[in-house]
Number of protein chains: 2
Amino acid sequence: MAYSHHDLELSNLKEKLLRMATLVETNLTQATEALIQRDDALARSVRDNDDAIDFLEKEVDEQAIVLLSKAPLARDLRFIIVAMKIGHDLERAGDEVTGVAKQALKINQQPDAHIHIDIPRMSSMALKMLQDALDAFVTGNAAQAHAVLPRDEEVDLTHKQVQRVLISYMLEAPANISHCLALLQVSKRLERIADHATNIAEEVIYLLEGKDIRHAGPQNPQ
Amino acid sequence: MAYSHHDLELSNLKEKLLRMATLVETNLTQATEALIQRDDALARSVRDNDDAIDFLEKEVDEQAIVLLSKAPLARDLRFIIVAMKIGHDLERAGDEVTGVAKQALKINQQPDAHIHIDIPRMSSMALKMLQDALDAFVTGNAAQAHAVLPRDEEVDLTHKQVQRVLISYMLEAPANISHCLALLQVSKRLERIADHATNIAEEVIYLLEGKDIRHAGPQNPQ
């Protein structure tokens, strides 16, 4: 089957999203390293890379609008809409990562408080969710997208646990309060990155199955 | 000039967004009241109303996709895309409001700590930004949308000030830590509601002027 000009434009859109995703993933790894290794230079490089992510989102949007103006077929229409939504979620995830890097710079100015919490594990979980959601998008694997969804709750629970530990640190030693508040923000931002990965997985499911599963009720009713 | 079927569909989309906006605005007022008046019943009604907002967002999305599949004119295409984006921002703002109500319920369980901070003023500022951004959308007033943008920074500054005051309360009396953390989250959520109002204003400007002003660089470089 020969590729039409239109197919090429859609794959170009897909390729732009993958470049965005790679940048977000690299930034997430670097921001976490910057925090753990107390490395200011690494934290600063994250903030610079975020501009490229923002720029790509604009490009995705512009290209999508051009494609929409060409009266696409129903299947392609859905792809273009989903591409815009994924672009938006990646841009938001990128902002959260930049926020992590900013907190790392703040924390690195203070002496090491030797506070041990689950930040590196949360970061790995969020990263893996992003990677799997994007993989599912590229390969058209709905099962892989579905498998991302329940992991969001695991990240939420870890965030709540981190919160509890940090509050106990604050109560023990009020001198640690500003350090702990910065770590609380990091944890919250990682939790939000997992939310964006979940949104992307939901968008991929909508693309592949035509089902809008947002706000479909809690997965684990309590 | 007679209205076409297509015009009616666009105004139906607009009307749905206005219903969403009214719900978000009502909820924001109620969530703030619930916090100030320590009123659990009011906080709970906020959480219930949020379902209606989520449902309307889905309807906006579905209707937008049907309209996009009918090969709209360039001007209408932009309107439909912007409507989806505004719907998404209203839904996110609604989630933040629900978060405020949730924190109010948490705070109301504790004795009144008589902590006086700028939360009511922040809430009014965010509400006014939302109202003005939506007004600009309805009346097609670009100047009104532009006027929303600089107010985001005012809200950011107030949030930072609230943060500082709350940290000083925590240092003074560690017994207040969990109360102060809940108020910190409220302040952060109000700041995010102002962010969504700013996004909506930017989307209205894009609709009216065709300029994408997102990520155009800081308004007040530091």
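**Exercise 1.** In which sense, left-handed or right-handed, does α2(A) cross α3(A)? Describe the packing of the pair in this predicted model.

*Solution.* Two packed helices are described by the angle between their axes and the distance between the axes. Step one takes both values: helix α2 (residues 40-68) of chain A and helix α3 (residues 74-108) of chain A have axes that come within 9 Å and cross at roughly 165°. Step two classifies the angle: angles over 145 degrees count as roughly antiparallel, so α2(A) is roughly antiparallel to α3(A). Step three gives the handedness: the crossing of α2(A) past α3(A) is left-handed. Step four sorts the residues in the contact of α2(A) with α3(A) by class: 18 are nonpolar, five polar and nine charged.

**Exercise 2.** Determine which symmetry relates chain A to chain B, and where chain A comes closest to the axis.

*Solution.* A turn of 180° with a shift of 0.0 Å along the axis lays chain A on chain B with an RMSD of 0.0 Å. That is the relation of a two-fold axis. In chain A, the residue closest to the rotation axis is A71(A), with its C-alpha at 2.4 Å. For the interface, 100% of the interface residues of chain A are also interface residues in chain B, so the copies meet through the same surface.

**Exercise 3.** Locate the two partners of the salt bridge between K70(A) and E9(A).

*Solution.* The distance comes first: the side chains of K70(A) and E9(A) form a salt bridge at 3.0 Å, N to O. K70(A) lies in the loop between α2 and α3 of chain A, and E9(A) lies in helix α1 (residues 5-36) of chain A. The pair is 61 residues apart and links distant parts of the chain. Over all chains, the count is 22 salt bridges.

How values were computed:
Residues are numbered from 1 along each chain as its sequence is written. Chains are lettered from A and ligands numbered from 1 in the order in which they are written. This is a predicted model: local features need pLDDT of at least 70, side-chain atom pairs count only at pLDDT 80 or more; totals for chains, interfaces and linings use all residues. Side-chain values use heavy atoms; hydrogens and water are left out. Copies are superposed by least squares on the C-alpha atoms of residues with pLDDT of at least 70 in both. Contact means heavy atoms within 4.5 Å. Axes are lines fitted to C-alpha atoms, for helices over the stretch in contact, and angles run from 0 to 180 degrees between N-to-C directions. Helices (H or I, at least four residues) and strands (E, at least two) are DSSP runs, numbered from the N terminus. Angles under 35 degrees count as roughly parallel, over 145 as roughly antiparallel, 65 to 115 as roughly perpendicular and the rest as oblique. A crossing is left-handed if the near helix is turned anticlockwise from the far one by less than a right angle, and right-handed if clockwise. Ala, Val, Leu, Ile, Met, Phe, Trp, Tyr, Cys and Pro count as nonpolar, Asp, Glu, Lys and Arg as charged, and the others, Gly among them, as polar. A salt bridge is a side-chain nitrogen of Lys or Arg within 4 Å of a carboxyl oxygen of Asp or Glu.
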